[in-house]
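Got the model open in your viewer? Let's take a short walk through it, one selection at a time.

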Amino acid sequence: MKIVEAIKEFEFEQQIKGLSPRYIQLCQWRLNDWKTYTIDELNIDEVGQVTERHIKLFIRYRQRLAVEKNITINNRLATLKVFFKFLVEIGVIEKEDNPMTDIKNLKEGRRVITTFTDDEVKKLIDSTGSATYSNIRDKTMLIFLFETGLRVSELIKLKNEDVFLDRLFIRGKGSHERYVYISKKMRRQMKRYERAKKLRFEHLPSSMIDDYYFLNQEADGMSRSNVNKILKRAGKRINIRDDIRCSPHDCRHYFAQKQIKQGIDVYTLSRLLGHSSIDITTQYLRGLQMDDIINIGRRTAPLNDIPVKLI
């Protein structure tokens, strides 16, 4: 099968599985980069001709461009692994001919994740005010991000039917679904937002109001750029540190590190974050200071709750 045809078949398969358009587009972009190199530089246009050496030549090519970190190249390799696994599954190539079988990820530098302080989180949330519908909505979205660790895509895809009394139903990355809790503080803010939303759109027929939980001024669902702008504006209002991007993903970092500091186990945190593996979750451990680790150990010491007799 031609590489071009195989990539189209892979895209079709992803669409059938209901994967997000954004993820499919990202895979296509990575595969097309690989296709261009393989056809133009190696003169190979059949997937059955691709060997492990050809993949390694592609890795070296990306390294010599010197525009990507190892983590980015590893993401490219992850897509290629899924792609060739698919080709094995549909019988285009034999399992033993899969060129990705023995390809190892490149070594990545240990990145320490820096995120907000508690004081910065308070200032960001308080900076939104509460005088208008937009103010109340923005404050509610910030509380959602900090209190639940949702991805921005999960936040804007949240529908009214996904909101229950004590939990949210989340349609996560890669079609993974999960529930996250609603805290008492978050529930109080949600009630304020729901009242403001009802009042803001009470004169519109229901057919003109999107079914998403968070709506813009035109009663349409919010976009990623909307949420990014809300955070950037809040960051400017409180003069956030330069080393904080003030993005929705930074809120997710804060949630993860705060939960770890509170003593949550990594497996439970992984489930709350919607990670496919706890290996991803353990990245957040790198941002902890030694004092944080000591305090966690003190709170979770095995003999804390055992009334042993001491001499």
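Start with the aromatic rings: in this predicted model, the count comes to 19 aromatic pairs. For a good example, select Phe-10 and Phe-86, a tilted pair with 5.6 Å centre to centre and 55° between the planes. Now colour by helix: Phe-10 belongs to H1 (residues 3–16) and Phe-86 to H4 (residues 70–89), so this pair ties together parts that are 76 residues apart in sequence. Switch on a surface for a moment and ask yourself: are Phe-10 and Phe-86 buried or exposed? Both Phe-10 and Phe-86 are buried.

Next, pick out Tyr-133, Phe-144, Tyr-193, Phe-201, Tyr-213 and Phe-214, which together make up one aromatic cluster. Stay on Tyr-213 and add Lys-197: the charged end of Lys-197 sits over the Tyr-213 ring, 4.6 Å from its centre. For another charge over a ring, go to Arg-167, which lies over the face of Tyr-179 at 5.9 Å from the ring centre.

Last stop: the second largest pocket, with a volume of about 460 Å³. To find its middle, select Val-121, Phe-146, Glu-147, Lys-185 and Tyr-254, the closest to the pocket's centre of the 17 residues that line it. Which helices give two or more residues to this lining? Show H5 (118–126), H6 (133–148), H8 (184–200) and H10 (248–261). The largest share, five residues, comes from H5. Finally, colour the lining by class and you'll get seven nonpolar, three polar and seven charged residues.

Terms used:
Residues numbered from 1 in each chain as written. Predicted model: local features only at pLDDT ≥ 70, side-chain atom pairs only at ≥ 80, totals over all residues. Heavy atoms only, no water. Phe/Tyr/Trp six-rings, centres within 6.5 Å; stacked < 30°, edge-to-face > 60°. Helix = DSSP H or I, 4+ residues; strand = E, 2+ residues; numbered from the N terminus. Buried < 20%, exposed > 50% of the residue type's maximum accessible area, 1.4 Å probe, protein only. Lys NZ or Arg CZ within 6 Å of the ring centre and 35° of its normal. 1 Å grid on protein atoms, 1.4 Å probe; cavity = no way out; pocket = protein on both sides within 12 Å on 5 of 7 lines; lining within 4 Å. Points joined across faces, edges and corners; volume = space filled by probe spheres on them. Nonpolar A, V, L, I, M, F, W, Y, C, P; charged D, E, K, R; others polar.
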